[in-house]
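Please open the model in your viewer and keep the selection tool at hand. The tour goes from one stop to the next, saying at each what to select.

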Amino acid sequence: MGCCDVKGLMPLEQALTKLQASVSNVCEAITLPLAEALGFALAQDIQSPINVPPFNNSAMDGYAVLQADLLEATPKKPVTLTMIGKSFAGDPFLGTLVSGQCIRIMTGAVMPSCVDTVVMQENTLASGDQISFNKTPAFADNVRHAGEDLLQGQEIFQIGHKLTPRDIPLIASLGIAHLSVYRKLKVAVISSGDELKSLGEPLAEGDIYDSNRYSIIALLSRLNVEVIDLGIIRDDLPLIREAIQSADRLADVVITSGGVSVGEADFIKEVLSELGEIGFWKLAIKPGKPFAFGKLPGSVFFGLPGNPVSAMVTLYQLAIPAMLTMAGFNIKPAIRFNAVATDKLRKAVGRTDFQRALYSVNKEGQLVVSTTGNQGSGVFSSMSQSNCFIVLEQDRGNVVAGETVTIELYNALMD
Ligand code: AMP
Ligand code: MG
């Protein structure tokens with residue numbers, strides 16, 4: 001235990017390590033056409049089968065020359081060369097050239113091996129086939145060399161890489177039409193609670209709308225998983241048992257929210273201990289203390305807290321990294337910076353806080369961060385108005401305005 005561990009609460013780092021150690025990739029490899037592979041995790045390494053570009057070519061419209069012919073060229077005494085042919089993109093020059101001659105060349109056209117340099121046409125004067133040059137170009141100027149982007153055999157992506165819109169055109173330039181990727185992880189989502197109503201239903205006294213299913217499904221839809229929405233389940237033991245059993249049959253991952261605290265109607269615990277091996281973790285993080293994790297017969301189970309901020313924070317910080325591993329993705333570390341807090345922040349020693357906040361750059365060019373206000377775990381506006389977390393370390397106490405704090409930028413799932 002560290003100096004400030006609170007007895008009985010599991011530190012965040014330990015929870016993350018335990019989660020990663022308990023899961024592995026469960027998704028088989030499938031083959032997809034390149035255009036459909038966006039957002040999937042590669043199930044293969046990719047090496048370049050060719051040089052990109054495949055041949056030396058011109059970066060400009062102009063004239064291909066031997067640079068040695070233009071060593072004496074000056075504005076006062078231009079050198080004139082005779083144009084003997086043309087190289088267009090897709091229609092190369094097939095002859096050869098000797099000193100005193102040049103070739104008309106277009107952007108992307110093959111650079112014949114008999115020339116070494118391209119002079120852009122704006123720096124020349126043409127009169128019929130007589131082209132004059134008034135300056136010595138640098139050797140190999142305006143030539144794009146074979147393999148200067150990617151070399152044949154070069155390692156480009158590794159297994160587990162998530163395919164982004166920046167990767168697809170690169171892979172297309174290699175001529176690779178199909179990719180081996182991991183199939184989508186199947187994730188079943190259930191909300192639990194007698195007080196929950198679906199959107200469109202009127203609220204009776206004591207009811208609230210089920211918002212957790214929407215936050216969970218929204219984040220998951222950015223994760224490229226297959227979501228199975230199982231709706232709201234009442235606080236009723238047989239109904240909960242039936243719902244979790246059918247979720248377990250359908251999905252690789254079952255996520256519930258609510259029902260994992262110590263309230264009398266919290267039956268999820270009972271059902272889970274009966275059906276699988278589930279641990280009920282008291283985490284040293286705020287928000288998000290009650291969190292359940294374990295294995296059902298055919299799936300991995302995450303029981304998120306009911307409070308909406310806690311549900312989203314624990315999904316994002318704990319369950320999603322584990323699901324990324326299950327879906328075959330490499331995990332990228334979160335982007336964190338130091339920023340100056342503009343407000344005082346209340347913080348109890350003993351838990352890692354993920355306070356919701358807004359970062360910006362002030363007039364002096366300094367990165368500053370302000371809280372989005374009431375940090376109650378049911379106050380979702382603190383989350384909705386935020387653009388980052390302030391991560392306050394477990395051992396830290398209250399923060400005064402002007403102190404440096406760590407901020408964590410939201411990744412592409414949250415933004
Ligand atoms: P529980 O963990 O079931 O005791 O719920 C804790 C708090 O979260 C209670 O105030 C619940 O009403 C609320 N809550 C539970 N599930 C949801 C949900 N799906 N959407 C919004 N709030 C919820
Ligand atoms: Mg409940």
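A polar contact is a pair of N or O atoms within 3.5 Å; within protein, one must be able to donate a hydrogen and the other to accept it, and residues adjacent in sequence count only if both atoms are side-chain atoms. This is a predicted model, in which local features need pLDDT of at least 70 and side-chain atom pairs count only at pLDDT 80 or more, while totals for chains, interfaces and linings use all residues. Residues are numbered from 1 along each chain as its sequence is written, chains are lettered from A and ligands numbered from 1 in the order in which they are written, and side-chain values use heavy atoms, leaving out hydrogens and water.

Select Arg104 to begin, and follow its side chain to the backbone oxygen of Gly62, which it reaches at 3.3 Å. Arg104 also touches Tyr63 and Gln121, among others, where contact means heavy atoms within 4.5 Å.

Next, select ligand 1 together with Asp210, where a side-chain N or O atom of Asp210 is 2.7 Å from a nitrogen atom of the ligand. Adding Ser211 shows a backbone N or O atom 3.1 Å from a nitrogen atom of ligand 1, and adding Gly306 shows a backbone N or O atom 3.1 Å from an oxygen atom of ligand 1.

Finally, select Gly328, and ask which residues it touches, not counting those up to four places away in sequence. They are Asn25, Ala41, Gly160 and Tyr182. If you add Lys162, 166 residues apart from Gly328 along the chain, you will find the two C-alpha atoms separated by 9.1 Å.
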